[in-house]
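Hello,

Here is the structure I promised to pass on. Please open it first, then read my notes below.

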Amino acid sequence: MAPRAYWKGTLKLSLVSCPIVLYPATTAAEKTRFHMINRETGNRLKQQMVDSETGDVVESDQKGRGYELRKGKYVEIEPEELEAVQIESNHTIDIESFVPSDEIDQRYLNHPYYIAPDGKAAVDAFAVIRDAMKDQDRVALAKIVLTNREHIIAIEPLGKGLLGTTLRFPYELRDEDQFFDDIKSPKITKDMVELAGHILHTKAAHFDPSKFKDEYETALKALVKRKASGKTIELPEREERPSNVVSLMDALKQSLNGRGGKKTAAKSHARRATGGRRSAKKTHRSTARQRKAG
């Protein structure tokens with residue numbers, strides 16, 4: 001049984017429209033969560049709003065929203081004033097443009113949603129829009145209102161349905177220059193780059209998320225299970241961090257030579273590359289001799 005729809009509305013492409021539903025593509029339901037409890041009674045604690053100056057508990061009818069103009073100075077915003085600027089959702093995703101998928105900077109990607117047709121009558125129009133995007137290999141950009149906020153959403157085919165991913169606005173991204181400007185540009189030898197390339201070759205693989213293991217989550221579940229069954233928890237001793245390898249070249253060689261079978265694979269890769277170059281040289285020399293003899 002499919003989960004409850006997060007959003008219902010209409011997807012429009014010019015004059016073509018169809019009813020759709022959005023479902024969150026991610027979930028945190030399986031994550032281990034803890035609550036704050038009273039150690040003496042074992043009861044769960046509840047949070048209260050407290051005045052930062054007086055320490056008094058503030059009742060719900062006294063709570064308000066304020067924007068900090070400067071340290072300790074707030075301008076209060078009334079709920080009615082917030083409603084005046086909120087964007088009313090017309091529950092329509094009106095596709096504005098189509099862009100090549102490789103032009104979307106991955107830093108803009110935010111929350112993913114599954115988009116499906118809402119009812120049998122919507123299937124034909126939904127399929128037309130989906131398959132047209134498949135043929136063009138483009139991603140649709142549109143606006144959508146979720147929880148009173150306007151978002152840009154990128155829509156692309158995914159199996160029988162569509163994947164919609166809300167995008168961050170430019171003001172939400174930090175400029176990379178402030179983090180990368182101080183990175184020096186040292187002179188790296190060609191041998192170092194080739195050694196690193198061989199290491200990369202030994203680790204070549206295909207993207208397979210089924211191999212991702214959340215070891216911390218597994219350990220948390222085991223901890224809770226042992227604790228609930230009355231078993232004692234043995235605290236592990238802290239391991240000393242290994243000292244840094246001074247020579248970068250030594251580190252590269254150790255990484256390459258300390259992998260057993262992967263070392264062989266890297267040597268084989270190097271031999272194939274060298275053999276290919278030698279074979280090309282022999283062919284070149286042979287061709288040159290034939291021309292000279294002719």
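Start with the contacts. Take those in the protein chain between residues at least 6 apart in sequence: 63% of them join residues at least 24 apart. Keep in mind that this is a predicted model.

Next, the overall make-up. The protein chain has seven helices and nine strands. Of its 294 residues, 17% are buried. The accessible surface of the chain is about 24900 Å². Carbon and sulfur atoms account for 51% of that surface.

Now two residues to look up.

The first topic is Thr165. Find it in strand β9, which covers residues 161-167. Is Thr165 buried or exposed? Its relative accessibility is 9%, and buried means under 20%, so Thr165 counts as buried. What does Thr165 touch, leaving out residues up to four places away in sequence? One run of partners is Leu109, Asn110, His111 and Pro112. Ile152, Ile153 and Ala154 are also touched by Thr165.

The other topic is Val75. This residue sits in strand β4, residues 73-77. Val75 has a relative accessible area of 33%. That value lies between the 20% and 50% cut-offs, so Val75 is partly exposed. Which residues join Val75 in a nonpolar surface patch? They are Tyr67 and Leu69. The patch made by Tyr67, Leu69 and Val75 comes to about 310 Å².

To look these up in the viewer, go to strand β9 for Thr165, then to strand β4 for Val75.

Best wishes

Note on methods. Residues are numbered from 1 along each chain as its sequence is written. This is a predicted model: local features need pLDDT of at least 70, side-chain atom pairs count only at pLDDT 80 or more; totals for chains, interfaces and linings use all residues. Side-chain values use heavy atoms; hydrogens and water are left out. Helices (H or I, at least four residues) and strands (E, at least two) are DSSP runs, numbered from the N terminus. Buried means under 20% relative accessible area, exposed over 50%, partly exposed in between (1.4 Å probe, protein chains only). Contact means heavy atoms within 4.5 Å. Accessible areas come from the Shrake-Rupley method with a 1.4 Å probe; for residues, only the protein chains shown count as cover. Patches are made of residues with over 30% relative accessible area and no salt bridge: like charges are joined within 9 Å, nonpolar side chains (Val, Leu, Ile, Met, Phe, Trp, Tyr) within 5 Å. A salt bridge is a side-chain nitrogen of Lys or Arg within 4 Å of a carboxyl oxygen of Asp or Glu.
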